[in-house]
Amino acid sequence: MEHTIELIEAAHKGDKQARDQLVEENLGLIWSIVRRFTGRGQELEDLFQIGSIGLIKAIDKFDTSFGVKFSTYAVPMIAGEIKRFLRDDGMIKVSRSLKEIAMKAKLKKEELNCQFGREPTLEEIAKEIGITREELAEALEAGVEVESLHQTIYQGDGNAITLMDKLEQQESGHEDIINRMVLHQVLQQLAPEEQNIIKLRYFYEQTQTQIAKTLGISQVQVSRLEKKILKSMREKM
């Protein structure tokens with residue numbers, strides 16, 4: 001436990017070697033979770049790559065003051081990343097090559113973010129994975145709508161809350177698929193300014209105060225508008 005904590009603290013300070021070592025030491029953990037999803041119509045190697053993204057997020061977000069084992073925190077993060085991939089993958093069919101590029105880009109983005117201490121540019125990511133900026137943009141654009149509907153808007157103790165959860169939808173089976181399609185349609189029906197608020201708030205994870213500065217209104221007004229828009233979306237759904 002102490003060894004892991006030391007590596008995590010070093011990784012948080014930008015030590016790439018410590019971060020890589022943490023990933024290496026937890027490969028078995030990823031595989032143990034990936035095997036739970038056997039028979040879901042996806043290659044296990046692909047799910048392993050997705051699970052690796054979850055592990056990297058767990059490393060970056062883990063707070064050593066939690067008082068819990070890192071593996072306890074990492075398991076739901078890894079499983080959650082795989083579940084989101086499986087859930088989103090069935091909605092819009094994207095070619096395997098684009099999926100692979102997008103997957104590589106996500107992993108590389110996490111790595112460069114830690115290395116640079118900032119969000120890498122498209123050019124930097126594209127250069128690292130050996131493709132053009134246009135090819136990368138196409139791959140990312142192919143899945144952006146689906147991903148955004150299930151974007152994590154809050155992360156606490158490994159339990160992610162998405163926009164779908166925020167709208168308090170009770171979903172299961174075929175109703176799950178139908179409701180997601182309806183949600184997508186509802187988002188498209190919003191006025192441009194309403195779409196902007198929802199995108200800034202949930203897709204780009206900005207605070208109400210940040211949005212208020214962008215729009216030139218008060219935080220209280222943003223709060224009221226947000227509640228009004230969410231209420232309207234629930235009613236439409």
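In the predicted model, Leu-190 occupies the loop that runs between helix 10 (173-189) and helix 11 (192-203). Leu-190 has a relative accessibility of 6% and therefore counts as buried. Beyond its neighbours within four places in sequence, Leu-190 contacts Gln-195, Ile-198, Ile-229 and Met-233. Of these partners, Ile-229 is 39 residues away along the chain, and the C-alpha atoms of Leu-190 and Ile-229 are separated by 8.4 Å.

Helix 13 (residues 219-236) also contains Glu-226. This residue is buried, with a relative accessible area of 5%. The side chain of Glu-226 forms a polar contact of 2.7 Å with the side chain of Gln-208. Gln-208 belongs to helix 12 (residues 208-215), and the contact thus described pairs two side chains, those of Gln-208 and Glu-226. Gln-208 has a relative accessible area of 16%; because the cut-off for burial is under 20%, Gln-208 is classed as buried. When residues within four places in sequence are set aside, the contacts of Gln-208 are Arg-201, Gln-219, Val-222, Ser-223 and Glu-226. Gln-210 is likewise placed in helix 12, but with 40% relative accessibility Gln-210 is partly exposed. Gln-210 and Val-222 are separated by 12 residues in sequence and by 9.8 Å between C-alpha atoms.

At the chain level, the model comprises 13 helices and two strands. The chain has 237 residues, of which 39% are buried. Among contacts with a separation of 6 or more, 58% are between residues 24 or more positions apart. The exposed area of the chain is about 13600 Å², with carbon and sulfur atoms supplying 48% of it.

The buried residues of helix 1 are Thr-4, Ile-5, Leu-7, Ile-8 and Ala-11. Around the helix axis they cover an arc of only 165°, so they are on the same side of helix 1. Just after helix 1, Gly-14 adopts a positive phi of about 100°. Two of the buried residues of helix 1, Ile-5 and Ile-8, are touched by Thr-64, as is Glu-9, with residues up to four places away in sequence not counted. Thr-64 is located in the loop between helix 4 and helix 5 and is partly exposed, its relative accessible area being 33%. In sequence, Thr-64 and Ile-5 are 59 residues apart, while their C-alpha atoms are 6.6 Å apart in space.

In helix 2 (residues 16-25), burial applies to Ala-18, Arg-19, Leu-22 and Val-23. Viewed down the axis of helix 2, these residues fall within an arc of 140° and so line one face of the helix. An α-helix has 3.6 residues a turn, so residues three or four places apart point the same way. Gln-17 and Glu-24 are exposed on the face of helix 2 turned away from its buried side. The N-terminal end of helix 2 is capped by Asp-15, with a side-chain oxygen 3.0 Å from the backbone nitrogen of Gln-17.

Helix 4 (residues 44-61) consists of 18 residues and spans 25 Å from its first C-alpha to its last, close to the 26 Å expected at 1.5 Å a residue. Its buried residues are Asp-46, Leu-47, Phe-48, Ile-50, Gly-51, Ser-52, Ile-53, Gly-54, Leu-55, Ile-56, Ala-58 and Ile-59.

One of these residues, Leu-55, is listed with Phe-70, Ile-78 and Ile-82 as having the most contacts inside the largest nonpolar core, which has 32 residues. At least two residues of this core come from each of helix 1 (2-12), helix 2, helix 3 (27-34), helix 4, helix 5 (70-89) and helix 6 (96-116). Helix 5 makes the greatest contribution to this core, with nine residues. Another core lies apart from it and has 10 residues, including Ile-101, Ala-105, Ala-126 and Ala-139. In soluble globular proteins, nonpolar side chains tend to be buried together.

Terms used. Residues are numbered from 1 along each chain as its sequence is written. This is a predicted model: local features need pLDDT of at least 70, side-chain atom pairs count only at pLDDT 80 or more; totals for chains, interfaces and linings use all residues. Side-chain values use heavy atoms; hydrogens and water are left out. Helices (H or I, at least four residues) and strands (E, at least two) are DSSP runs, numbered from the N terminus. Buried means under 20% relative accessible area, exposed over 50%, partly exposed in between (1.4 Å probe, protein chains only). Contact means heavy atoms within 4.5 Å. Accessible areas come from the Shrake-Rupley method with a 1.4 Å probe; for residues, only the protein chains shown count as cover. The arc is that of the directions from the helix axis to the C-beta atoms. A polar contact is a pair of N or O atoms within 3.5 Å; within protein, one must be able to donate a hydrogen and the other to accept it, and residues adjacent in sequence count only if both atoms are side-chain atoms. The expected span of a helix is 1.5 Å times one less than its number of residues. A nonpolar core is a set of buried Ala, Val, Leu, Ile, Met, Phe, Trp, Tyr and Cys residues joined through side-chain atoms within 4.5 Å.
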